Amino acid sequence: MANYAIGDIQGCFKEFKLALKKVNFNFDKDYLWLVGDLINRGPDSLKLLKFVYKIRKRTHIVLGNHDLHFLACFYGQRKLGKTDTISELIKSKESTKFAKFLLKQPLLFKKKIVYKNKSKKIIMVHAGIPPNLTLANCIDLNKEFQIAIKNNPKKILKNIFNNSFSGFSKKMSRIDKIIFFSNALTRIRACNHKGEIDFKFKGRINEIPKKLDAWFNFENSILSENSQLIFGHWAAIKGKTKKKNIFGLDTGCVWGDKLTIMRLEDNKRFQIKRVNR
């Protein structure tokens, strides 16, 4: 049995299938970790979700900002943009089934894996974790998010891309904490020394303003010596963090680069070049 984590697929179904073939993924024994942004911008979001739903018992998933955008559009809380490629998915007869499936997925997933008489804890998020949130904070907020979006998806999805909250405070209302948490874990790239997020910055590491730094360069209480964190979202850094236990997996397949799949037991990476469209 092996565990494989794969970067933002974004509807690049052909490359996704090639990645599984390259690692000889065993659908009876192996597990697939998906770091979010399964859909949108690429050509085959509907095919991708059909396949993932079929193998759902062998997958661990966290939601990305594009997955949340699809849900917001599906529930009538956002409109499709010019660059969106999910109209076929929304019009599908199975769209309700896939929407309900995604609503069940968390923003943070953690699991201990065992290999060669060793073990380590893997934490998976889509974009990252603000430095001022503890693991206990994240676990509690993740539960709150899942309960809230299941009970009232329209209310949460209507406000979920609100940039009003750049930082976390215990004094926030329950709904504000959920909105901040969902934004942070699906959209963070850079923040200031207080841990406040700049949601506008989307560039490369060497383009970060002096008052900001990459979220993973801050001391983070989430990680212990025997744990590692995997994330996607930030294609501009091409998966490079210079950290021994924080791994970026979005290498920009949808933008013409590569799709990365990583075996978590030994962190070996395999890459698939984007297929010509």
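**Exercise 1. Helix 2 and helix 5**

Task: State how helix 2 and helix 5 cross in this predicted model, and which residues meet.

Solution.
1. The handedness of the crossing between helix 2 and helix 5 is left-handed.
2. Two packed helices are described by the angle between their axes and the distance between the axes.
3. For helix 2 (residues 45–54) and helix 5, the angle is about 65 degrees and the axes are 11 Å apart.
4. Helix 2 contributes Leu46, Leu49, Lys50, Val52 and Tyr53, which meet Lys97, Phe98, Phe101 and Leu102 of helix 5.

**Exercise 2. Serine 45**

Task: Is serine 45 buried or exposed, and what is it in contact with?

Solution.
1. Serine 45 is placed in helix 2.
2. The relative accessible area of serine 45 is 2%, and the cut-off for buried is under 20%, so serine 45 is buried.
3. With neighbours within four places in sequence left aside, serine 45 is in contact with Gly11, Ile39, Asn40, Thr85, Ile86 and Leu89.

**Exercise 3. The faces of helix 6**

Task: Determine how the buried residues of helix 6 are arranged around its axis, and what covers them.

Solution.
1. Helix 6 (residues 135–151) has 17 residues. From first C-alpha to last, helix 6 reaches 24 Å, close to the 24 Å expected at 1.5 Å a residue.
2. Leu135, Cys138, Leu141, Asn142, Phe145, Ala148 and Ile149 are the buried residues of helix 6.
3. Viewed down the axis of helix 6, these buried residues fall within an arc of 150 degrees, so they line one face of the helix.
4. Lys143, Lys150 and Asn151 are exposed on the other side of helix 6.
5. The cover over the buried residues of helix 6 includes helix 3 (65–74), helix 5 (95–103), helix 7 (153–159) and helix 8 (174–187), as well as strand 4 and strand 5.

**Exercise 4. The enclosure of strand 9**

Task: Why is strand 9 said to be largely enclosed, and which strands does it pair with?

Solution.
1. Of the 5 residues of strand 9, 5 are buried, so the strand is largely enclosed by the rest of the structure.
2. In a regular strand the side chains alternate between the two faces of the sheet.
3. In strand 9, Ser227, Leu229 and Phe231 are on one side and Gln228 and Ile230 on the other; all are buried, and both faces are covered.
4. Strand 5 and strand 9 run parallel and are joined by 4 bridges. Within this pairing, methionine 124 has isoleucine 230 as its bridge partner in strand 9.
5. Strand 9 also pairs with strand 10 in the parallel sense, over 3 bridges. There, isoleucine 230 stands opposite phenylalanine 247 in strand 10.

**Exercise 5. The loop after strand 9**

Task: Describe histidine 233 and lysine 238, which lie in the loop between strand 9 and strand 10.

Solution.
1. Histidine 233 is in the loop between strand 9 (227–231) and strand 10 (246–248).
2. With 8% relative accessibility, histidine 233 counts as buried.
3. Apart from neighbours within four places in sequence, the contacts of histidine 233 are Asp8, Asn65, His126, Ala127, Thr186, Arg187, Ile188, Arg189 and Asp250.
4. Lysine 238 lies in the loop between strand 9 and strand 10. At 47% relative accessibility, lysine 238 is partly exposed.
5. Most residues other than glycine have a negative phi.
6. Lysine 238 is not a glycine, yet its phi is positive, about 55 degrees.

**Exercise 6. Lysine 116**

Task: What is the phi of lysine 116, and is the residue buried or exposed?

Solution.
1. Lysine 116 is located in the loop between strand 4 (108–115) and strand 5 (118–125).
2. The phi of lysine 116 is near 45 degrees, positive in a residue other than glycine.
3. Lysine 116 has a relative accessible area of 78%. The cut-off for exposed is over 50%, so lysine 116 is exposed.

**Exercise 7. The five-stranded sheet**

Task: Which strands stand at the edges of the sheet with the order 3-2-1-11-12, and which strands does helix 1 touch?

Solution.
1. The sheet is open, has 5 strands and shows mixed pairing.
2. Strand 3 (59–61) and strand 12 (268–273) are at the edges; each has a single partner strand, so one side of each is left without a neighbour in the sheet.
3. On average, neighbouring strands of this sheet are turned by 20 degrees against each other, direction ignored.
4. Strand 1 (residues 3–6) and strand 2 (residues 31–34) run parallel, joined by 4 bridges. Tyrosine 4 stands opposite leucine 32 of strand 2.
5. Helix 1 (residues 13–22) packs on the sheet and touches strand 1, strand 2, strand 11 (258–263) and strand 12. The direction of helix 1 makes about 140 degrees with that of strand 12.

Note on methods:
Residues numbered from 1 in each chain as written. Predicted model: local features only at pLDDT ≥ 70, side-chain atom pairs only at ≥ 80, totals over all residues. Heavy atoms only, no water. Helix = DSSP H or I, 4+ residues; strand = E, 2+ residues; numbered from the N terminus. Buried < 20%, exposed > 50% of the residue type's maximum accessible area, 1.4 Å probe, protein only. Contact = heavy atoms within 4.5 Å. Expected span 1.5 Å × (residues − 1). Arc of directions from axis to C-beta. Pairing = 2+ DSSP bridges. Axes fitted to C-alpha atoms, helices over the stretch in contact; angles between N-to-C directions. Left-handed = near helix turned anticlockwise from the far one by under 90°.
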